[in-house]
Amino acid sequence: MNRALVVRKIQDILAANGRCDNGTEIADSYASAINILNCRLDTCKMFLDQGHLVEALRIAEERPPLFEFCKMFSFDLLPMWQDLCQKKGWPQAETIRSDLVNALKDVFSAPAALEPLMELNRKAMRENDLRMAVRFLRRLVKLDTENTKWPTTLESFEGRYLSELKDQFFPAVALKNTATMHRIAEEIESTNWIAPVDPLLLAGIVDMRKEEKTKPLTREGQESSDNDLFQTIPDEEVITEAPAPLLTLTTTKIDDDHRVAGWTPSSKGLLIACLILGECF
């Protein structure tokens, strides 16, 4: 499930003053997602405490990027949503561990993070992992401001990565793969790119957003939107490498039944939450 779709559904419920047929399900999904998010924060902190800065950085930048994920789920209307869940008796989410978020940000922006970032960047380049290379280069641009090569290198890799996203977007449109379409659109829209974004890709995203706004709010349309929750994550979007200590928190594969290694879904909400976070594994 696309992260923005989770928040959008919550906002729709709030706009309708809590009137909905699936409030319990959405609340359960959100609460389960926050639980997994906090586990991911704890894992990063664990690696930092053990002196494994490289692993902590890598986990933080895996899809979806940890800090962006925290920001997405700390939306403006969150207090209203929490009050509504309490009044309705819906599942209530934990509070995002903001103390850990701030602590991790401080460590990752410190000079000591420079060497680990360079190591991770070299590994991503060797493996031709454009997305991760771009993520680490952006951090290097901010951290190593005196090195003028980083912005130039970043622009080059952004250009290659944007081409890759374009090559994924239009086949996804043809196949009506809304999960991939939303993932790419969200990344394009939420990023300050140095390299120019192809106008064709921007136009495709605009068309997708227009279609979303004009889709009739019928019961059938709602069911169609809900089906997006259960789209299988394509194999190429699943990261198969994970350090041993993470095997209880992450997955090496999401199978056809959407089962995640190390987790036993006890509810439909947790299943959806695993799909929300599936892109980060």
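Student: Is Cys85 buried or exposed in this structure?

Tutor: One reads this from the relative accessible area, and a residue under 20% counts as buried. In this predicted model, Cys85 has a relative accessible area of 2%, so Cys85 is buried.

Student: How does Cys20 count on the scale of relative accessibility?

Tutor: Cys20 counts as partly exposed because its relative accessibility is 29%.

Student: How many disulfides does the model contain?

Tutor: A disulfide is a covalent bond between the sulfur atoms of two cysteines. To be counted here, the two sulfur atoms must lie within 2.5 Å. By this rule, the count is zero.

Student: Why is Cys20 without a bond to the closest cysteine sulfur?

Tutor: The closest cysteine sulfur belongs to Cys85, and it is 9.6 Å from the sulfur of Cys20, which is too far for a bond. Cys85 is accordingly in no disulfide either, since its nearest cysteine sulfur is that of Cys20.

Student: Which kinds of secondary structure elements make up the protein?

Tutor: One counts helices and strands along the chain. The protein has 13 helices and zero strands. Read from the N terminus, the order of elements is accordingly α-α-α-α-α-α-α-α-α-α-α-α-α.

Student: What share of the residues counts as buried?

Tutor: Of the 281 residues in the protein, 49% are classed as buried. As for the outside, the accessible surface is about 14,400 Å², and carbon and sulfur atoms hold 53% of that surface.

Student: Which residues have the most contacts inside the largest nonpolar core?

Tutor: The core is read as a connected set of buried nonpolar residues. The largest one has 65 residues, and Tyr30, Trp81, Phe108 and Ile188 have the most contacts inside it. Helix α2 (residues 23-49) supplies the largest share of this core, with nine residues.

Student: Which residues does Phe108 touch?

Tutor: Leaving aside residues up to four places away in sequence, Phe108 is in contact with Leu48, Leu53, Ala56, Leu57, Ala60, Phe67, Ala113, Arg139 and Leu143.

Student: Which residues of α6 are buried, and where do they lie around the axis?

Tutor: Phe108 is one of the buried residues of α6, together with Leu100, Val101 and Leu104. These residues lie on the same side of α6, because they cover an arc of only 105 degrees around the axis. The elements they pack against are α2, α3 (53-61), α4 (66-73) and α8 (130-143).

Student: Where is Ser109 placed?

Tutor: Ser109 belongs to the loop that lies between α6 (98-108) and α7 (114-126). Its relative accessible area is 48%, so Ser109 is partly exposed.

Student: Which backbone oxygens lie by the side chain of Ser109?

Tutor: Polar contacts are read from distances between N or O atoms. The side chain of Ser109 reaches the backbone oxygen of Lys105 at 2.9 Å, and a polar atom of that side chain is 3.2 Å from the backbone oxygen of Asp106.

Student: How many residues apart in sequence are Ser109 and Lys142?

Tutor: Separation along the chain and separation in space are read independently. Ser109 and Lys142 are 33 residues apart in sequence, and their C-alpha atoms are 8.2 Å apart. For the protein as a whole, among contacts with a separation of 6 or more, 73% join residues 24 or more positions apart.

Student: In which helix is Pro171 found?

Tutor: Pro171 is in helix α9 (residues 149-175), and it counts as partly exposed at 42% relative accessibility. Its C-alpha atom is separated by 9.3 Å from that of Met181, ten residues apart along the chain.

How values were computed:
Residues numbered from 1 in each chain as written. Predicted model: local features only at pLDDT ≥ 70, side-chain atom pairs only at ≥ 80, totals over all residues. Heavy atoms only, no water. Buried < 20%, exposed > 50% of the residue type's maximum accessible area, 1.4 Å probe, protein only. Helix = DSSP H or I, 4+ residues; strand = E, 2+ residues; numbered from the N terminus. Polar contact = N/O pair within 3.5 Å; in protein donor to acceptor, adjacent residues only side chain to side chain. Core = buried A, V, L, I, M, F, W, Y, C linked by side-chain atoms within 4.5 Å. Contact = heavy atoms within 4.5 Å. Arc of directions from axis to C-beta. Areas by Shrake-Rupley, 256 points an atom, 1.4 Å probe, with all protein chains shown as cover.
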